[in-house]
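Subject: Structure handover

Hi there,

Here is the structure I promised to pass on to you. Have a look at it first, and my notes follow underneath.

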Amino acid sequence: MELEWKNLIWENLGRRWNKEMRPTYACFIDLRKAFDRVPHEALFRKLESLGIRGRCLEFYRGLYRSSWTQVSSRISDTLSPAFPFCRGVRQGDPSSPLLFDLFINDLLEQCRPFGIRVVGMPESCIGTENRLPGLMFADDVVLLSPSRHCLEASMRKVSEYLTKLEMEVGASKCGVTVFHGCIDKVRRRQWQLQGKDIPVVEEYRYLGIDLNCNLDEGFTVRRQIQRYRQKLHMATPFLRNGRIPMDLRLRVVKSCLLPSLIWGSEWWGMHQLHAKRLSLVLNQTLRMVVGVDAKHTGVSIPALYTELGIPSVESLIAGRRARLWAKGPSMRTWISQLCQWIPTFRKGTWVKNTKAWLLRRLGSSAVREIERSPHGSKTLQRAVQQVIHQKWLTTGKMTQTNTWKEYCQYALHNGSALLRDSSLDFPEYSKSLSWLMRIRVGGWSSCSRLARIGILDEQWKTRCPCCLVNVPETLSHLQQNRCIIMLSRIAAAHPRNQSIANRYSWLQFQLD
């Protein structure tokens with residue numbers, strides 16, 4: 001839902017600028033201590049006006065009637081007598097967010113006459129007038145207006161509404177800006193909410209996504225990478241620790257780091273330049289997991305992703321955008337109307353560009369077949385990820401390296417799952433497994449290479465230091481003579497060794 005609101009902003013404002021060349025004025029509002037300032041009696045009256053009566057209403061009255069608290073003194077270490085509190089929804093209660101949403105759900109109703117007109121939709125499409133006054137997600141509110149006068153009127157209406165409900169805005173976290181317009185004209189005015197001055201900003205972080213006055217996707221991606229690097233810096237000691245099983249470190253990357261990197265890709269996905277920028281920082285992360293230096297040039301990036309079981313960044317962000325495009329028409333929000341009423345002007349919008357990209361990559365028949373399926377959005381996401389990832393593995397300069405060719409020649413991808421699973425089953429072999437994976441992806445310097453650059457004697461150009469045979473030390477030689485033995489011993493001690501031997505028959509297990 002959060003990402004839906006971001007795409008609503010980009011789609012609406014993009015249509016206005018491409019069709020009418022008009023700016024859009026916005027005011028981002030942050031409610032101060034929103035959940036803790038809800039008056040109980042006002043909440044009950046709002047619920048009653050919405051038709052919630054009888055046992056349901058009495059249940060919530062009784063629930064909040066028994067709300068008592070005590071105050072602790074830091075000086076005497078004593079507690080005050082218990083007293084009831086009449087504000088705030090209960091923390092940890094699953095119904096608290098819903099109660100808060102019902103409490104302020106009609107915040108923008110009085111601002112509708114001052115909202116923007118959505119290009120491409122008829123006036124009779126939604127209600128009596130086709131106006132979008134703003135967007136709301138929990139306690140994050142943004143007002144949208146076609147002019148400065150309309151924005152001032154909307155801010156006055158919101159101030160009166162919040163004062164009536166005894167709510168308060170956090171002026172320091174609010175901001176007024178203009179999209180596709182002159183920011184200097186906005187600075188000349190004084191903007192206020194509830195008598196507090198609201199700053200004029202050129203950029204604002206809305207629901208975790210940085211937006212600037214031009215809605216520049218490149219700016220958003222650069223900020224996304226900057227925040228990701230900060231998280232990566234904190235996680236570096238953990239990722240580089242070879243004593244921690246690799247599978248555990250990889251799970252942290254998949255569950256914590258990778259989602260934060262591609263957050264908001266429903267907006268700026270399906271863009272190769274953005275995918276390339278994100279891939280560079282993700283490559284650095286995966287090198288840490290395997291234990292390869294960031295400047296090592298022999299590592300095959302496709303082999304690294306395949307070995308760790310991570311799809312390419314381009315396939316991930318394209319799949320997320322395709323999923324929202326397929327899911328949009330079935331939503332009971334504004335985005336369903338935007339997907340239905342596509343503008344006819346030549347310049348592209350988010351909806352038009354997404355559909356054109358899908359038709360170009362998948363074909364019209366495949367897209368129509370997926371749209372008719374009951375789970376079309378997830379099916380489309382998987383199809384897009386599979387197509388883009390397969391193309392990434394078969395085309396491009398990265399697939400022309402000798403390491404990747406040897407990786408495909410010996411079908412090393414069949415044993416990647418075994419290595420990852422074994423790191424948890426046999427933690428004492430964590431460093432050995434890391435070295436084995438490092439060899440498989442090319443993140444090692446063979447003796448023949450070190451001899452060629454003058455670090456070792458010339459005899460090691462044509463001799464293997466492991467078995468002392470006059471054969472150059474190459475990935476295929478190690479795979480066939482040394483690494484096979486190591487993996488076979490791990491599989492022999494594994495409780496599921498028979499199934500593993502059947503699945504990874506290429507290993508030619510020599511069980512002792």
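Leu358 is a good place to start: leaving aside neighbours within four places in sequence, Leu358 is in contact with Met270, Ala322, Trp325, Gly363, Val367, Leu380 and Val384. Please keep in mind that this is a predicted model. Leu358 also belongs to the largest nonpolar core, a set of 80 residues, where Leu358, Leu308 and Val384 have the most contacts inside the core. Helix 10 gives the most to this core, with 8 residues. Apart from the largest core lies another one, of 42 residues, and Tyr25, Cys27, Phe103 and Val158 are among them.

**Helix 10 and the pocket**

Helix 10 turns up again in the pocket you will probably want to look at. The largest pocket has a volume of about 1100 Å³. Its lining is made up of 42 residues, and those nearest the centre are Val299, Ser300, Ile301, Met398 and Thr401. Two or more lining residues come from each of helix 10, helix 11 (301-308), helix 12 (313-327), helix 16 (376-394), helix 17 (402-409) and helix 20 (447-452). Helix 10 gives the most to this lining too, with 7 residues.

I also checked the length of helix 10. It covers residues 272-290, so at 1.5 Å a residue its 19 residues should span 27 Å, and the 26 Å between its end C-alpha atoms agrees with that. After helix 10 comes Gly291, with a positive phi near 95 degrees.

**Strands**

Now to the strands, beginning with strand 1 (residues 24-30), which pairs with strand 6 in the antiparallel sense over 5 bridges. Within that pairing, Tyr25 stands opposite Val178 of strand 6; Tyr25 is also one of the residues of the 42-residue core. Strand 1 runs antiparallel to strand 5 as well, and 6 bridges join the two. Here Ala26 has Leu144 as its bridge partner in strand 5.

How many residues of strand 6 are buried? For strand 6 (residues 175-179), the count is 5 of 5. Gly175, Thr177 and Phe179 lie on one side, Val176 and Val178 on the other, and both faces are covered.

Strand 5 (residues 140-145) has 5 of its 6 residues buried, so it is largely enclosed by the rest of the structure. Strand 5 also pairs with strand 4 (residues 134-137), in the antiparallel sense and over 4 bridges, and Gly134 has Leu143 in strand 5 as its bridge partner. Strand 4 and strand 5 form a hairpin with 2 residues between them, and Ala138 in the turn has a positive phi of about 60 degrees.

**Two more helices**

Helix 19 (residues 430-440) is largely enclosed by the rest of the structure, because 8 of its 11 residues are buried. The buried residues are Ser430, Leu433, Ser434, Leu436, Met437, Arg438, Ile439 and Arg440, so you will find two arginines listed there. Following helix 19 is Gly442, whose phi is positive, near 90 degrees.

Last on my list is Ala366, which sits in helix 15 (residues 364-372). Is Ala366 buried or partly exposed? Its relative accessibility is 25%, and therefore Ala366 counts as partly exposed. Ala366 and Ala383 are 17 residues apart along the chain, and their C-alpha atoms are separated by 9.5 Å.

Happy browsing, and all the best!

Methods: Residues are numbered from 1 along each chain as its sequence is written. This is a predicted model: local features need pLDDT of at least 70, side-chain atom pairs count only at pLDDT 80 or more; totals for chains, interfaces and linings use all residues. Side-chain values use heavy atoms; hydrogens and water are left out. The expected span of a helix is 1.5 Å times one less than its number of residues. Buried means under 20% relative accessible area, exposed over 50%, partly exposed in between (1.4 Å probe, protein chains only). Two strands pair if DSSP finds at least two bridges between them. A nonpolar core is a set of buried Ala, Val, Leu, Ile, Met, Phe, Trp, Tyr and Cys residues joined through side-chain atoms within 4.5 Å. Contact means heavy atoms within 4.5 Å. On a 1 Å grid over the protein atoms alone, a cavity is a set of points where a 1.4 Å probe fits but cannot get out, and a pocket is an open set with protein on both sides within 12 Å along at least five of seven lines; lining residues have an atom within 4 Å of a point. Grid points are joined across faces, edges and corners, and a volume is the space filled by probe spheres set on the points.
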